[in-house]
Amino acid sequence: MLMCKVTGKVVSTIKNESLVGMSLITVRALSFDAKGNEVVGKEVYVAADPFGCGVGHCVLVTQGGNARFAIGDGKAPVDMAVVGIID
Amino acid sequence: MLMCKVTGKVVSTIKNESLVGMSLITVRALSFDAKGNEVVGKEVYVAADPFGCGVGHCVLVTQGGNARFAIGDGKAPVDMAVVGIID
Amino acid sequence: MLMCKVTGKVVSTIKNESLVGMSLITVRALSFDAKGNEVVGKEVYVAADPFGCGVGHCVLVTQGGNARFAIGDGKAPVDMAVVGIID
Amino acid sequence: MLMCKVTGKVVSTIKNESLVGMSLITVRALSFDAKGNEVVGKEVYVAADPFGCGVGHCVLVTQGGNARFAIGDGKAPVDMAVVGIID
Amino acid sequence: MLMCKVTGKVVSTIKNESLVGMSLITVRALSFDAKGNEVVGKEVYVAADPFGCGVGHCVLVTQGGNARFAIGDGKAPVDMAVVGIID
């Protein structure tokens, strides 16, 4: 999994029907430099969010087919989902 | 998932039979710099497109085995598909 | 999927039995610079090729478990396969 | 798989129910420079840890759907798990 | 798949029971520069090896869930396996 910072929301009117009603957020991977400061990755990912996270939250994100188990829909075309909020 | 910019179409006459009739588009991942300007990734990906997107559209793309659910063909050799158009 | 340039063939006498008789080619991902010139990626991948492609061909390659559907063998240990020749 | 160095633990109170009671650790990939010195990767990953590893341990980590087999839960939304401690 | 150079072995006493008795080797991806010289990648991967490869061998490695088919154990938590020795 990745530790990620929530950076925004994605709004999509025209989408796959299994995504209707699902919160989609943009996240960036978190790492730490030699001094322990947070470093936010350049890539922007979009994850399904069953927790209702807000911008700035630090979350745990799973990738790949496992993401379907996180959202309780075994056939949703989702490859990334939030599985926890990091304290 | 990735936010991507549609950059073109792929034309392939000789292809796997399960791809016949399926629109295939080239996309590049989108991110944002510190000022919030769009940055388009260098890598070019090819995604199946059930929405009929045009060049310049900003789309949501899923990767991996989940892509098969997006196109409604559980045995298509497709690892990337558009699942929504971003508003 | 990736657009790739075929760069060679792989010869392997000692291999998994499900790969016997299967053509294996080396490919590199294609992208384009700001002027539209082809840029060939540094990484070399090996893909199963059911089409009999030659060096220099531009092909469409799928990655991951989906590759097994491309070669019609649901249990072959193959993670990359050609699914089309780009015109 | 990846050889990884354990760098810390992840604490998450609000999480997917299948992660309750599972140890989650942060790891970084290990490689070696030309002189054989350890090089620790910049990316931080989070892995499920059924072994109770401590910070500084060198572990073997599997990625993707296979991780579910490592933790004995076929439907956990986990994409990375420790499968061994390297001597 | 990746062409890889075998660089060593991994010894792990405490490990997942399905890895007991399985040879685990470290490998690095191979590519070629403009003059055709071998370039060895920086990342170190660990692959299951059913062939008994030695250091310096050039091997073909599959990634992801497909690796389980290469070792004949459909539930082993293995995401990388040698599927052939390159001539």
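Contact here means heavy atoms within 4.5 Å. On that footing, and bearing in mind that this is a predicted model, 27 residues of chain B are in contact with 18 residues of chain C. The size of an interface is often given as the accessible area lost when the parts come together. For chain B and chain C that comes to about 1700 Å², with carbon and sulfur atoms accounting for 58% of it. Three residues stand out on the chain B side: Val44(B), Pro77(B) and Asp79(B) supply 29% of the area that chain B buries against chain C, more than any other three residues.

Next, the polar side of things. The rule turns up zero salt bridges across the interface of chain B and chain C. Polar contacts are another story, with twelve residue pairs found across this interface, both partners at pLDDT 80 or more.

As for where the chain B surface comes from, the elements giving two or more residues to the side that touches chain C are strands S2 (14–15), S3 (24–32) and S5 (45–48) of chain B. S5(B) chips in the largest share, four residues. Sorted by class, the side of chain B that touches chain C has 14 nonpolar residues, alongside seven polar and six charged ones.

Strand S2(B) also takes part in strand pairing across the two chains. S2(B) pairs with strand S7 of chain C (residues 80–85) in the antiparallel sense, over two bridges. On the chain B strand, Ile14(B) has Ile85(C) of S7(C) as its bridge partner.

Conventions: Residues are numbered from 1 along each chain as its sequence is written. Chains are lettered from A and ligands numbered from 1 in the order in which they are written. This is a predicted model: local features need pLDDT of at least 70, side-chain atom pairs count only at pLDDT 80 or more; totals for chains, interfaces and linings use all residues. Side-chain values use heavy atoms; hydrogens and water are left out. Buried area is the accessible area (1.4 Å probe) that two parts lose on being put together, summed over both. A salt bridge is a side-chain nitrogen of Lys or Arg within 4 Å of a carboxyl oxygen of Asp or Glu. A polar contact is a pair of N or O atoms within 3.5 Å; within protein, one must be able to donate a hydrogen and the other to accept it, and residues adjacent in sequence count only if both atoms are side-chain atoms. Ala, Val, Leu, Ile, Met, Phe, Trp, Tyr, Cys and Pro count as nonpolar, Asp, Glu, Lys and Arg as charged, and the others, Gly among them, as polar. Two strands pair if DSSP finds at least two bridges between them.
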